[in-house]
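Here are a few exercises to work through with the model open beside you. Try each task before reading its solution.

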Amino acid sequence: STLIQVASGQLRPDRGSAWASGRRVDSELPGRMPTAGTRMLSLLEQPGLAPSVPALENVALPLRYHASTLSLHPEQAQGLAREALAALGVYPPDLHSLPDRLSFGMQRRVALARILALRPDLVLLDDPLLGVDSESRQIIERVLRSWVRDPKLSVLCATGDRELAARLGTSRADLAADGLRVDGVRLTHQRSVGGERFETQSQSCEAAGDAGMLH
């Protein structure tokens with residue numbers, strides 16, 4: 001969780017730095033990256049939905065805000081939001097419900113739909129399956145599997161589920177006291193994740209495809 005927060009710019013590291021797409025990550029970077037040509041989006045422990053607007057608007061509002069960057073007409077936002085929510089199995093009446101009226105699993109699905117709609121280049125996820133119901137788990141895993149297979153998308157996912165990487169068809173990296181291990185093998189030199197450098201002190205990992213599952 002700490003690593004995901006540092007990588008997303010939500011937490012400043014005590015030492016060292018995190019870089020994404022050739023830019024140093026800081027508290028202001030996530031908001032600047034879309035206009036700089038990189039869409040880095042994150043889902044932390046809490047879904048982070050706006051409490052005063054319904055699910056549909058939680059997905060549509062960012063699309064309107066970034067319409068020029070995404071080459072969209074603002075009027076397209078609601079249609080694209082509906083498509084993304086449908087991909088996560090969110091339909092009426094939940095589309096028009098406020099977040100506090102939705103289950104935690106449904107809130108997670110709405111938050112992931114918001115990411116999906118914004119067509120990200122880099123996604124950072126903090127235990128996306130934690131605390132969700134079985135239906136939400138199946139739907140979220142289906143979306144994660146499609147992201148793992150997308151050659152244009154890089155995913156870094158921290159999880160306590162040691163079998164998730166295998167189910168998604170990608171490699172697993174483990175943070176241990178002696179450094180970073182990928183599929184049980186300790187790394188001793190720098191590599192990259194999905195074309196992007198990912199480092200823990202002097203070490204990094206290379207995951208299958210473009211996704212990394214970090215345990």
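**Warm-up: the surface**

The protein has an accessible surface of about 10900 Å², and carbon and sulfur atoms hold 49% of that area (Shrake-Rupley method, 1.4 Å probe; for residues, only the protein chains shown count as cover). This is a predicted model: local features need pLDDT of at least 70, side-chain atom pairs count only at pLDDT 80 or more, and totals for chains, interfaces and linings use all residues. Residues are numbered from 1 along each chain as its sequence is written, and side-chain values use heavy atoms, with hydrogens and water left out.

**Exercise 1**

Find out how strand 5 (residues 154-158) is enclosed.

*Solution.*
- Step 1: Check burial (under 20% relative accessible area, 1.4 Å probe, protein chains only). 5 of the 5 residues of strand 5 are buried, so the rest of the structure largely encloses this strand. Strands are DSSP runs of E, at least two residues; helices are runs of H or I, at least four.
- Step 2: Sort the side chains. Ser-154, Leu-156 and Ala-158 point one way, Val-155 and Cys-157 the other.
- Step 3: Look for the partner. Strand 4 (residues 122-126) runs parallel to strand 5, joined by 5 bridges (pairing needs at least two DSSP bridges). Leu-124 sits opposite Leu-156.

**Exercise 2**

Check the length of helix 6 against its expected span.

*Solution.*
- Step 1: Take 1.5 Å times one less than the number of residues.
- Step 2: For the 15 residues of helix 6 this gives 21 Å, and the end C-alpha atoms are 21 Å apart, which agrees.
- Step 3: List the buried residues of helix 6, including Ile-139, Leu-144 and Trp-147.

How values were computed
Buried means under 20% relative accessible area, exposed over 50%, partly exposed in between (1.4 Å probe, protein chains only).
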